[in-house]
Amino acid sequence: MTVPITQPLTVAVLGGGTMATAVATVVARGGGRVRVWARNPTQAGWVVEDVVDGAPQSVGQVTAAASLREAVKAAQVVVPAVPWGPALAQVVNPVLDLLDGKVVVDVGNPYEMTALGPKLAMVVPGGSAAALLAEALPAGAAQLHCFTQVRADKLNRPVPGDEIVLPYVIDGEDAAPKVLKPFLDLVEATGWLPTRIGGLDQSALIEEGGPWAAARGEAGQGLLTRPEAMERGLLS
């Protein structure tokens, strides 16, 4: 069942780390409402505090959710901002029945945890991090894969005169046509230029280790204006 769009758009951000904070700040700066959930309620509270610090106009629009299901049920867009692999499955699987008609923003990169910390996985089933989530999501959900070509601390850079391309791939956009555009408009309001580069079979191009993440524009690693992306052959 499609959740009616409220004003502003409500986005559930699931996670308590730097990526959760970064994406939630983008949403807040763009005028969206954010519901934050983390396994540790204290971490969720920290995310809320950091987002409000980065987007003071969002006071009252960024709040912590009491439970995972509460956060997802109230939102039109769901962002599982947790590590790729088992942690992602543990967050998504309990709410699969709530995802029909929603956009699931997939921010995963193919990192695995080792004794020395996270590193790019040697073996990535399906060829990309996005493939793991695609296997799990119900047919009634749209999977939007983006925010993967830059580090979390670069998502909320000061907006320069030229918009920076946010490459994305998508699958199942027909499942949530009234949700996808408002979310992309919200992101664009923060200085990004959302640009579709294909379907999920192109996911690896925008993930860590791919050409978008490796390219350096004037604004930094993975941050390219459209002319810079065209010059590097990433856009036509």
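Q: How many of the 12 residues of helix H1 are buried, so that the helix is largely enclosed by the rest of the structure?
A: Buried here means under 20% relative accessible area, exposed means over 50%, and partly exposed lies in between (1.4 Å probe, protein chains only). Met 19, Ala 20 and Thr 21 are among the buried residues of H1. Because so much of H1 is covered, it counts as largely enclosed by the rest of the structure, and the number of its buried residues is 10.

Q: From which number are the residues counted along each chain?
A: This is a predicted model, in which local features need pLDDT of at least 70, side-chain atom pairs count only at pLDDT 80 or more, and totals for chains, interfaces and linings use all residues. Side-chain values use heavy atoms, with hydrogens and water left out, and along each chain, as its sequence is written, residues are numbered from 1.

Q: What distance does helix H1 reach from its first C-alpha to its last?
A: Helices (H or I, at least four residues) and strands (E, at least two) are DSSP runs, numbered from the N terminus. H1 covers residues 18-29. The expected span of a helix is 1.5 Å times one less than its number of residues. For H1 that expectation is 16 Å, and the reach in the model is close to it, at 16 Å.

Q: Which residue forms a salt bridge with Asp 97?
A: A salt bridge is a side-chain nitrogen of Lys or Arg within 4 Å of a carboxyl oxygen of Asp or Glu, and the whole structure has 5 of them. For Asp 97, the closest N and O atoms of the pair are 2.9 Å apart. Asp 97 sits in the loop between H4 and strand E5 (103-106) and its partner in helix H3 (residues 68-73), so the bridge ties together parts 28 residues apart in sequence. Asp 97 is exposed, with a relative accessible area of 53%, while the partner, partly exposed at 38%, is Arg 69.

Q: In which strand is the salt-bridge partner of Glu 173 found?
A: Glu 173 meets Arg 196 in a salt bridge of 2.8 Å, N to O. Glu 173 lies in the loop between E9 and helix H6 (177-188), so the pair ties together parts that are 23 residues apart in sequence. Glu 173 is partly exposed at 25%, and Arg 196 is partly exposed at 41%. The strand that holds Arg 196 is E10.

Q: Is Phe 147 buried or exposed?
A: Phe 147 belongs to the loop between strand E8 (142-145) and strand E9 (164-171). Its phi is near 65 degrees, a positive value in a residue other than glycine. With a relative accessibility of 1%, Phe 147 counts as buried.

Q: What distance separates the C-alpha atoms of Pro 83 and Pro 110?
A: Pro 83 lies in the loop between strand E4 (77-80) and helix H4 (86-92). Pro 83 is exposed, its relative accessible area being 52%. The two prolines are 27 residues apart along the chain, and their C-alpha atoms are separated by 8.6 Å.

Q: What is the relative accessibility of Glu 218?
A: Glu 218 joins Asp 162, Glu 163 and Glu 188 in a negative surface patch. Glu 218 lies in the loop between strand E11 (216-217) and strand E12 (220-221). Patches are made of residues with over 30% relative accessible area and no salt bridge, like charges being joined within 9 Å and nonpolar side chains (Val, Leu, Ile, Met, Phe, Trp, Tyr) within 5 Å. Glu 218 counts as exposed, and its relative accessibility is 76%.

Definitions and conventions: Accessible areas come from the Shrake-Rupley method with a 1.4 Å probe; for residues, only the protein chains shown count as cover. Lys and Arg count as positive and Asp and Glu as negative; His and the chain ends are not counted. The place of a charge is taken as NZ of Lys, CZ of Arg, CG of Asp or CD of Glu.
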